[in-house]
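This report covers two ligand sites, two helices and one loop residue. Keep the structure in view while reading.

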Amino acid sequence: MAKTALITGVTGQDGAYLSELLLSKGYTVHGLKRRSSLFNTDRIDHLYEDPHVNDPKFILHYGDLTDSMNLTRIIQEVQPDEIYNLAAMSHVQVSFEMPEYTANADGIGTLRILEAVRLLGLTKKTKIYQASTSELYGLVQQVPQSEKTPFYPRSPYAVAKMYAYWITVNYREAYGMFASNGILFNHESPLRGETFVTRKITRAAAKIVLGLQDCLYMGNIDSQRDWGHAKDYVEAMYLILQQEVSEDFVIATGVTTRVREFIRKTFAFLGIELTFTGVEENEVGTISAVDTARIAELGIANGEHLKLGTTVLKIDPRYYRPTEVDLLIGNPGKCDEKLGWKPKHTLDMLIEDMATSDLRLFQKDQLLLKEGFGVLNYFE
Ligand code: NAP
Ligand code: GDD
């Protein structure tokens, strides 16, 4: 029998890749999307099926994690075999500005789903995946971090996710539900939201080499993250729900990299060598070498603006966080042993994928500009 899945946060980065994966496995996929005044389905438009076709495999529902009745009705209608709860206000810095909403959506939202499944009598049928996060480790108590490492959350986002983590464990223990946490370390892709650090860097680097932007402004570039590719990570989510026993898993690469190094590698991929000088707010990144052959190979017609000594990176303290998570590095021992999961992408492959995608995106803009259409306004 083909399975039915419900994905909350279907319009997000992970929702899009997970939808693709489950559809490729023959699932019927139902997705929860928020109402918005503009279309918000860019990442999943290629999966869209006209609702008038017979037996559609990809079906969208309007909904919100802050609306219990809406969630309960949708779960009742869909009767899912699996729920992947990916919806969240997922930006750590924004959570300092919207702490109450973040608690409601990211914390209580998870409770609403668990309770709906329980009240609808679906505890034996429906397996639940909760999108937990390495942000739970915050001020890390152990290096690397494993399923046994104590939590020390450092943002309203992480505190909300901590509630979601424990309420998932509690419903599993109290009601015998299959409800598992995937404690996922940072994962990125060309579909990553534009204000997360990796995408901000690959977009800016692509625009700088094309002459569409002068400078990239960053916050704390000393922090370290364990970055993987979202395509690999959604496979781990799927595997977590295929286990006989419900339990929690760290999903990570086991390699950590500083933000500064991610910046250096991205520019290097695009043919620009950066040198970093100065400290803290006064640190800058300047062009110290240009690989003209590489620039030409990437199809960048006009690289004359890329002059040695030009400053293309500055620090803007407005991007500093009130409390920072300095070092994340996961221990992937359990996911390797029990799920047989290993990342297929290295960091260099991830950077290549993201930087190439952004370069192609902005090359199209450059073409429009040349033809006199003007460049669309990109909000940073
Ligand atoms: P994302 O791209 O920001 O997507 C978040 C999704 O949640 C979007 O579809 C968003 O809808 C939706 N959403 C936000 N608030 C909602 C609400 N109140 N009701 C219903 N939907 C809502 O995030 P992601 O990177 O795919 O991450 C997926 C999940 O994994 C999140 O829970 C995140 O916290 C968690 N996580 C992510 C990472 C990572 O590195 N990516 C690591 C660990 C855990 P709109 O499109 O309308 O905004
Ligand atoms: N976003 C952003 N913008 N981050 C910056 C910047 C900047 O201009 N400059 C430096 N950083 C630093 C942040 O301070 C942080 O230390 C690091 O880059 C990564 O920031 P993000 O990419 O915003 O990700 P995050 O680690 O805070 O959170 C992401 O990963 C979590 C898993 O660990 C999000 O996807 C969360 O939803 C997820 O749970």
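A residue counts as buried when its relative accessible area is under 20%, with a 1.4 Å probe and protein chains only. By that cut-off, A230, D232, Y233, V234, A236, M237, Y238, I240 and L241 of helix 7 are buried. The model is predicted.

## Helices 7 and 6

Helix 7 is mostly covered, with nine of its 12 residues buried. It runs over residues 230–241. At 1.5 Å a residue it should span 16 Å, and its end C-alpha atoms are 17 Å apart, which agrees.

Helix 6 takes in residues 197–209, 13 in number. From its first C-alpha to its last it reaches 18 Å, close to the 18 Å expected at 1.5 Å a residue. Because 12 of those 13 residues are buried, helix 6 is largely enclosed by the rest of the structure. The buried set is T198, R199, K200, I201, T202, R203, A204, A205, A206, K207, I208 and V209.

What do the buried residues of helix 6 pack against? The partners include three strands and two helices to look for: strand 7 (187–188), strand 8 (216–218), strand 13 (272–277), helix 8 (259–269) and helix 11 (347–370). Strand 15 (311–315) is also a partner. Just after helix 6, G211 takes a positive phi of about 80°.

## Ligand 1

Around ligand 1 there are 25 residues. The closest are T11, R34, S90, Y101 and Y157. By class, the shell has 10 nonpolar, 10 polar and five charged residues. Side chains of N40, D64 and R192 each place a polar atom by the ligand, as the table lists.

Taken alone, ligand 1 exposes 900 Å², and the protein buries 90% of that. Four elements give two or more residues to its shell: helix 1 (13–24), helix 4 (99–119), strand 5 (127–133) and helix 5 (156–175). Strand 5 gives the most, with three residues.

## Ligand 2

Ligand 2 is surrounded by 23 residues. T133, S134, Y157, R321 and E324 are the closest. Its shell holds eight nonpolar, nine polar and six charged residues. T133 and E324 reach the ligand through side-chain atoms, whereas G219 does so through a polar backbone atom. On its own ligand 2 has 720 Å² of accessible area, and the protein covers 96% of it.

The distances for both ligands are these.

| Ligand atom | Protein partner | Distance |
|---|---|---|
| Ligand 1, oxygen | N40, side chain | 3.4 Å |
| Ligand 1, nitrogen | D64, side chain | 2.9 Å |
| Ligand 1, nitrogen | R192, side chain | 3.1 Å |
| Ligand 2, oxygen | T133, side chain | 2.6 Å |
| Ligand 2, nitrogen | G219, backbone | 2.8 Å |
| Ligand 2, oxygen | E324, side chain | 2.6 Å |

## G63

Where is G63 found? It sits in the loop between strand 3 (58–62) and helix 2 (68–78). Is G63 buried or exposed? Its relative accessibility is 11%, so G63 counts as buried. Beyond its neighbours within four places in sequence, G63 is in contact with L32, K33, R34, N70 and I74. K148 lies 85 residues from G63 in sequence and 35 Å from it in space, C-alpha to C-alpha.

Conventions. Residues are numbered from 1 along each chain as its sequence is written. Chains are lettered from A and ligands numbered from 1 in the order in which they are written. This is a predicted model: local features need pLDDT of at least 70, side-chain atom pairs count only at pLDDT 80 or more; totals for chains, interfaces and linings use all residues. Side-chain values use heavy atoms; hydrogens and water are left out. A residue is near a molecule or strand if one of its heavy atoms lies within 4 Å of it. A polar contact is a pair of N or O atoms within 3.5 Å; within protein, one must be able to donate a hydrogen and the other to accept it, and residues adjacent in sequence count only if both atoms are side-chain atoms. Accessible areas come from the Shrake-Rupley method with a 1.4 Å probe; for residues, only the protein chains shown count as cover. Ala, Val, Leu, Ile, Met, Phe, Trp, Tyr, Cys and Pro count as nonpolar, Asp, Glu, Lys and Arg as charged, and the others, Gly among them, as polar. The expected span of a helix is 1.5 Å times one less than its number of residues. Buried means under 20% relative accessible area, exposed over 50%, partly exposed in between (1.4 Å probe, protein chains only). Contact means heavy atoms within 4.5 Å.
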